[in-house]
Amino acid sequence: MKLLILFLFCHVASTVKHSLNLFITATSGVPNFPEFVASGMVDEVLTGYYDSNIKTLVPKQDWARKLAMAEPLQPEWFLLECFSQHQYLRANLDSLKQRLNQTGDVHILQRMIGCEWDDETGEVVGFSQYGYDGEDFLVLDLQTLTWTAPNQQAFITKLRWDNDKANLEYVKHFYTHICLDMLKKYLYYRRSFLRTERPSVSLLQKTPSSPVSCHATGFYPDRAMMFWRKDGEEIHEDVDLGEILPNHDGSFQMSVELNLSSVTPEDWRRYDCVFHLSGVVDDIVTRLDKAVIRTNWVPPAWFPAGPVIGVVVGLLLLLLAVCIAGLFIWRRNNNGEEQRCFYSSDELK
C-alpha cells in the first residue's frame, strides 16, 4: 500500500513528545468542495495544505517555507505523492460505493497517518486509520500488526490486509524508522527558525485596578520560566502564574500576573519581571513602570466632549456679544443721546 507523507507537518504534543500528523480526505458528491484534500497540523495549528483544485502546496508557517527553499526536491516529491494518493483514495471510494451498493449520494473517505516520538525516552508510536462517512472504518494495531474493523462493513478488507504480511512489515518499518527520520528533520528546521527570533515581553493591564500581567510570546521551545521579583528576590505572594500555551506559528506564550492592590506607587520601582528560556544565558528583565504598561482601557465618558465644548464656546460668544452691546448702550446714555436699541419702548408700539 502506498503511503502519503507530507514533508512538513509535525505536532508538539507536550514538553517532550513530538508527532508528525497527516490528514487526507477524498470526497464524492460534495458541492463546492475539492475531491481531494491533504493537510497537516503543528500543535493543532495548520502548517501546510494541498487540494485537487489548486494543485499546489501552500505552506502555512515560515519554517515550512524555509524548508521548501532549502530542499526544493521535497515539494516536487510531495506534489507527485499527492497526485498518487488522490487516485488511490478515489479508487477505494468508488470500490466501497459499489460494494456497499451506494450510488448518487455524498460520501467521504478519510485517512489519518503519522507517528509520535518521545525525545527523552526514544519511544516511537505509529498510527494509521481510515474513516468512511464520518465513522471509524479501519484502524492499524502496530503491536500485533493487525487491522481492527470497528465497522462490520470493513471486515472483508481487514482479512485481506491482515494476510499481506510483507506489507505489514514494511508499514511497521515505515512508522518506526522512516516517519521518525522525517519528523526529526522537520523539528530541526522549526527549531532553527524559531530560535533566531527573540521573544517579546510586555506589561499588560486591563484596568488601573487590575493585576499587571507580564506576558512573553514568540519563544521556543516550551521549556521556560517566568516570575516576578521584588528587590531582586523572587516572590510568590500576590502572584498568579499562567500556563505555557502554543502560538499559531509553533512558538509559545506565557504570562504571570502581579496583584498591586497593596503596593504603593512609590514601591513600583522595586519590582521587575524575569523571563528565562532554557538554553539561553541572558534573561529578559522588565522593570515595573506605569509608562510602559499597555492597556485597552478607556476612561468612561458621561457626555460627548465635542458637543459639550461647542455649547460652552457658543454661550461664551453670546455672552461676549451681550456685553459689547451693553457697553455701547451705556456709552450712548452717558453722552445724553437718545436710546435706540431693541430694548426701548419704541420697539413695542
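# Notebook: salt bridges, disulfides and a strand residue

**Entry 1, helix H1.** I began with Asp62, which at 44% relative accessibility counts as partly exposed, and I keep in mind throughout that this is a predicted model. The limits I applied put buried under 20% and exposed over 50%, which is why a value of 44% falls in between. I then looked for a charged partner and found that Asp62 forms a salt bridge with Arg65, with the closest N and O atoms 2.7 Å apart. Arg65 has a relative accessibility of 37%, so this residue also counts as partly exposed.

Why are Asp62 and Arg65 separated by about one helical turn? They are three residues apart in helix H1, which covers residues 62-70, and that spacing is the reason. As a general point, an α-helix has 3.6 residues a turn, so residues three or four places apart point the same way.

I next asked myself which residues of H1 are buried. I noted Trp63, Ala64, Leu67 and Ala68. Looking down the axis of H1, I see that these buried residues fall within an arc of 145 degrees, so they line one face of the helix.

**Entry 2, other salt bridges.** How many salt bridges does a search of the whole structure find? The search returns eight, and I followed up some of them here.

Lys185 forms a salt bridge with Glu71, and their closest N and O atoms are 3.2 Å apart. Because Lys185 lies in helix H4 and Glu71 in the loop between H1 and helix H2 (73-99), this pair ties together parts that are 114 residues apart in sequence. I recorded a relative accessible area of 31% for Lys185, which makes this residue partly exposed, and 23% for Glu71, which is partly exposed as well.

Asp231 forms a salt bridge with Arg270, and here the closest N and O atoms are 2.7 Å apart. I placed Asp231 in the loop between strand E12 (224-230) and strand E13 (233-234), and Arg270 in the loop between strand E16 (252-258) and E17, so the pair ties together parts that are 39 residues apart in sequence. Asp231 is partly exposed, with a relative accessible area of 49%, and Arg270, at 28% relative accessibility, also counts as partly exposed. I then noticed that salt bridges with shared partners join Asp231, Asp267 and Arg270 into one network.

**Entry 3, disulfides.** The count of disulfides comes to two, and I went through them in turn.

Cys115 and Cys179 form a disulfide in which the sulfur atoms are 2.1 Å apart. This pair links distant parts of the chain, since Cys115 is in strand E6 (residues 107-118) and Cys179 is in helix H4 (residues 165-194), 64 residues apart. Is the link of Cys115 and Cys179 left-handed or right-handed? With -90 degrees about the S-S bond, I entered it as left-handed. I also noted that Cys115 and Cys179 are both buried.

Cys214 and Cys273 form a disulfide with their sulfur atoms 2.0 Å apart. Cys214 lies in strand E11 (residues 212-219) and Cys273 in strand E17 (residues 271-277), so this pair ties together parts that are 59 residues apart in sequence. The torsion about the S-S bond of Cys214 and Cys273 is about -90 degrees, so I entered this disulfide as left-handed. Cys214 has 0% relative accessibility and therefore counts as buried, and Cys273, at 0% relative accessibility, counts as buried too.

When I number the bonded cysteines of the protein in sequence order, the pairing reads 1-2, 3-4. I also looked up Cys82, which is buried, with a relative accessible area of 1%.

**Entry 4, Ile284.** Where is Ile284 placed? I found Ile284 in strand E18, residues 284-287. The relative accessible area of Ile284 is 11%, so I noted this residue as buried.

I then listed what Ile284 touches, leaving out residues up to four places away in sequence, and obtained Arg198, Pro199, Val201, Cys273, Val274 and Phe275. For Arg198 I also took the separation, and Ile284 and Arg198 are 86 residues apart in sequence and 9.8 Å apart in space, C-alpha to C-alpha. Cys273, which is among these contacts of Ile284, is the residue that I had already entered as the disulfide partner of Cys214.

Technical notes: Residues are numbered from 1 along each chain as its sequence is written. This is a predicted model: local features need pLDDT of at least 70, side-chain atom pairs count only at pLDDT 80 or more; totals for chains, interfaces and linings use all residues. Side-chain values use heavy atoms; hydrogens and water are left out. A disulfide is a pair of cysteine sulfur atoms within 2.5 Å. Helices (H or I, at least four residues) and strands (E, at least two) are DSSP runs, numbered from the N terminus. Buried means under 20% relative accessible area, exposed over 50%, partly exposed in between (1.4 Å probe, protein chains only). A salt bridge is a side-chain nitrogen of Lys or Arg within 4 Å of a carboxyl oxygen of Asp or Glu. The arc is that of the directions from the helix axis to the C-beta atoms. Contact means heavy atoms within 4.5 Å.
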